[in-house]
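Visitor: I'm new to this structure and would like a close look at a single part. Could you pick one loop and walk me through it and its surroundings?

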Amino acid sequence: MSEKLKLGFVGLGIMGAPMASHLIKAGHEVYVATRSKVAPEIAASSAIVCANPQEVAKQADIIFLMLPDTPDVERVLLGEHGVAAGLTTGKTVVDMSSISPIATKEFAKKINALGCDYLDAPVSGGQVGAQNATLSIMVGGDEAVFNKVKPVFELMGKNINLVGGNGDGQTAKVANQIIVALNIEAVAEALLFAAKAGADPAKVRQALMGGFASSKILEVHGERMVKRTFDPGFRIELHQKDLNLALESARSLGVSLPNTATAQALFSSCVAHGGKAWDHSAMVKALEGMANFEIGQKAD
């Protein structure tokens with residue numbers, strides 16, 4: 001991308017900091033704000049640190065948000081010294097957080113009413129994807145706005161898709177999190193079954209990788225289960241937040257998601273045992289607790 005843009009980035013956590021770094025390294029003029037301490041790589045860069053989101057919005061033409069949850073986005077967008085207070089006609093707000101699709105539609109209306117564009121663009125790929133600029137980005141909003149912002153998305157991700165209108169990006173992310181949770185649960189059950197039956201779970205996993213049961217979850221999270229490496233990754237508490245969005249939205253739509261509810265209950269069991277910050281592959285620990293048997297232990 002040859003054109004130098006004035007970009008804003010609010011939220012410099014474990015995902016936001018590397019994402020913003022890619023924009024800075026591409027040579028853009030980047031204005032940032034965060035409630036936490038500014039990451040050393042951002043502080044040492046050409047980024048301009050602003051006092052609050054309002055100042056970011058005043059300076060930048062496209063403002064990206066990467067925040068933990070729906071209330072955080074509402075506060076940063078519409079609260080005191082929020083993004084909305086610094087917007088002028090023609091600017092674009094891009095929310096890359098994973099939040100409520102219903103709330104997203106309301107946020108978009110309020111930003112549109114100020115004469116500005118809005119995209120919801122949640123991501124999948126975790127911290128590794130953010131660091132390697134290989135995130136999948138699911139976008140909701142106007143196609144012309146999407147096309148304008150796409151070259152910037154390409155600095156942060158590889159699989160970038162316009163799903164539909166505002167809110168549809170968030171809906172796609174919720175669907176993604178349902179699939180991921182249920183796949184983690186399936187891999188956990190399978191490897192626990194194999195280990196309890198006396199087979200080597202590592203060898204079973206390797207055998208399954210060549211067949212129809214193969215998946216990214218079996219590859220990455222199955223290895224975590226076998227090797228007992230549960231440092232995040234993607235924390236259980238964040239996946240629980242996403243499944244809450246799924247279950248709340250499903251309730252409002254009159255849709256039953258029974259296996260999503262089961263996955264959420266297994267995550268809750270982990271949290272009850274002090275595991276809210278464990279990687280979400282540690283869901284297996286809830287199943288191991290019920291079986292009184294741990295993958296890697298010798299079967300009787």
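Guide: Let's begin at Arg228, which counts as partly exposed at 24% relative accessibility (buried means under 20% relative accessible area, exposed over 50%, and partly exposed in between, with a 1.4 Å probe and protein chains only). The model is predicted, so local features need pLDDT of at least 70 and side-chain atom pairs pLDDT 80 or more, while totals for chains, interfaces and linings use all residues. Residues are numbered from 1 along each chain as its sequence is written, and side-chain values use heavy atoms, without hydrogens or water.

Arg228 belongs to the loop between H11 and H12. Helices (H or I, at least four residues) and strands (E, at least two) are DSSP runs numbered from the N terminus. The backbone at Arg228 has a phi near 60 degrees, a positive value in a residue other than glycine. Most residues other than glycine have a negative phi, and most peptide bonds are trans. The loop between H11 and H12 also holds Gly233, and here the peptide bond deserves a look: Pro232 and Gly233 are joined by a cis bond, with omega at about 5 degrees.

On one side of this loop is H12, which spans residues 236-253. The axes of H12 and H9 come within 9 Å and cross at roughly 115 degrees. Axes are lines fitted to C-alpha atoms, for helices over the stretch in contact, and angles run from 0 to 180 degrees between N-to-C directions. From H12, the residues His239, Asp242, Leu243, Leu245 and Ala246 meet Lys173, Val174, Gln177, Ile178, Val180 and Ala181 of H9; contact here means heavy atoms within 4.5 Å.

H9 also packs with H13, at an angle of about 65 degrees and with the two axes 9 Å apart. That makes H9 roughly perpendicular to H13 (65 to 115 degrees). In H9, this meeting involves Ile178, Ala181, Leu182 and Glu185, while H13 brings Asn259, Thr260, Ala263, Leu266 and Phe267. You have met Ile178 and Ala181 before, since both also take part in the meeting with H12.

Now follow the chain on to H14, residues 284-291. Its buried residues are Val284, Ala286, Leu287 and Glu288. What covers them includes helix H9 (168-196), helix H11 (216-227) and helix H13 (258-272). Just after H14, Asn292 takes a positive phi of about 55 degrees.

For the wider setting, look at the nonpolar cores, sets of buried Ala, Val, Leu, Ile, Met, Phe, Trp, Tyr and Cys residues joined through side-chain atoms within 4.5 Å. The largest has 34 residues, and Phe9, Met19, Phe64, Met96 and Phe153 have the most contacts inside it. Elements giving two or more residues to this core include strand S1 (6-10), helix H1 (16-25) and helix H8 (143-153). A second, separate core has 25 residues, among them Val187, Leu191, Ile217 and Cys270.

Finally, the turn at Arg228 has a counterpart to look up elsewhere: Ala133 also shows a positive phi, near 60 degrees. Ala133 sits in the loop between helix H7 (126-132) and S8. Ala133 is buried, with a relative accessible area of 12%, whereas Arg228 is partly exposed.

Terms used. Angles under 35 degrees count as roughly parallel, over 145 as roughly antiparallel, 65 to 115 as roughly perpendicular and the rest as oblique.
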